[in-house]
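Visitor: I would like a close look at a single part of this protein, the place where helices pack against one another. Could you take me through it slowly?

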Amino acid sequence: MEPQLKEREKNEEEVRELLELAERLEGLTRNVGMHAGGVLIAPGKLTDFCPLYVADASDAAVSQFDKDDVEAVGLVKFDFLGLTTLTILDWTLRYIKRLDPASTLALHELPLDDTATYSIFAGANTSAVFQFESRGMRDLLKRAKPDRFGDIVALVSLYRPGPMELIPDFCERKHGKRFSYPDPRVEGILAETYGIMVYQEQVMQMAQIIGGYSLGGADLLRARWARKSRRKWRSTATCSAPAPRRTDCRPQEPTRIFDLMEKFAGYGFNKSHARPTPWLPTRRRT
């Protein structure tokens with residue numbers, strides 16, 4: 001498509017030869033990669049669903065399909081990740097127990113409304129706090145001044161490429177700026193994030209209320225949106241056309257709200273993944 005490149009291909013033999021070689025490589029697999037914590041789960045033998053291979057100097061079988069293709073053939077992919085933070089928390093509990101054998105402290109019993117803890121976050125004194133120790137996140141904490149657990153979860157979700165553009169609006173709304181909801185019926189869904197769509201779960205709930213989707217249909221919408229397939233997203237949005245007759249909604253409203261959801265499609269986050277609630281084993285297994 002570039003005229004200058006076409007001209008050089010026509011007039012220069014070296015460029016013409018280079019482009020001919022490049023065309024042979026175009027579209028070929030460059031290298032093989034593997035997710036360090038990715039695990040495929042199948043109802044039977046993996047070889048019934050996809051081809052496998054074993055990498056050099058390894059005895060681990062790996063699918064030859066990429067992440068999208070393994071899901072397309074019906075397999076489930078989980079990413080199991082380990083965090084040093086969990087080990088540190090476990091050590092902390094053990095040290096406390098050693099200092100005070102009568103202590104019954106358990107992480108899952110810690111209150112989520114502790115004022116002193118939120119003052120630490122609001123002051124950005126979060127060195128060595130998982131996901132809150134970077135300079136950028138600490139600057140965000142000073143601006144947002146979180147005072148409830150929902151704010152902590154939202155900030156984790158917003159501090160990423162894409163949704164970062166919503167951070168100023170989120171902070172202003174939290175500190176008193178007036179705002180309105182896309183539809184009065186979604187106030188209960190968006191109230192915790194001050195009227196801003198932050199989570200995939202919010203989109204699913206809005207699809208149920210505004211578009212008349214079933215739980216399964218809303219999840220299908222979420223899955224297509226999560227893959228950032230705009231064509232599929234638009235075709236799914238079109239399916240909501242009959243919704244006004246089912247949900248007593250003005251004809252133009254679903255389209256307007258779906259446009260907002262489409263804008264959101266580029267940066268939505270899974271709320272359950274954003275909640276910093278680590279699990280710790282109660283006993284060691286051998």
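Guide: What follows is a walk around one helix and its two packing partners. This is a predicted model, in which local features need pLDDT of at least 70 and side-chain atom pairs count only at pLDDT 80 or more, while totals for chains, interfaces and linings use all residues. Residues are numbered from 1 along each chain as its sequence is written, and side-chain values use heavy atoms, with hydrogens and water left out.

Two packed helices are described by the angle between their axes and the distance between the axes. Helix H8 covers residues 167-174, and helix H7, residues 149-158, packs with H8 at an angle of about 165°, the two axes being 11 Å apart (axes are lines fitted to C-alpha atoms, for helices over the stretch in contact, and angles run from 0 to 180 degrees between N-to-C directions). H7 and H8 are therefore roughly antiparallel to each other, a term for angles over 145 degrees, just as angles under 35 degrees count as roughly parallel. On the H7 side, the contact (heavy atoms within 4.5 Å) is made by Asp 151, Ala 154, Leu 155 and Leu 158, and on the H8 side by Ile 167, Phe 170 and Lys 174.

Turning to the other partner, helix H6, residues 135-144, packs with H8 at an angle of about 30°, with axes 9 Å apart, and H6 and H8 are therefore roughly parallel to each other. Here Leu 140, Arg 143 and Ala 144 of H6 meet Ile 167, Pro 168, Cys 171 and Lys 174 of H8.

Key:
Helices (H or I, at least four residues) and strands (E, at least two) are DSSP runs, numbered from the N terminus. Angles under 35 degrees count as roughly parallel, over 145 as roughly antiparallel, 65 to 115 as roughly perpendicular and the rest as oblique.
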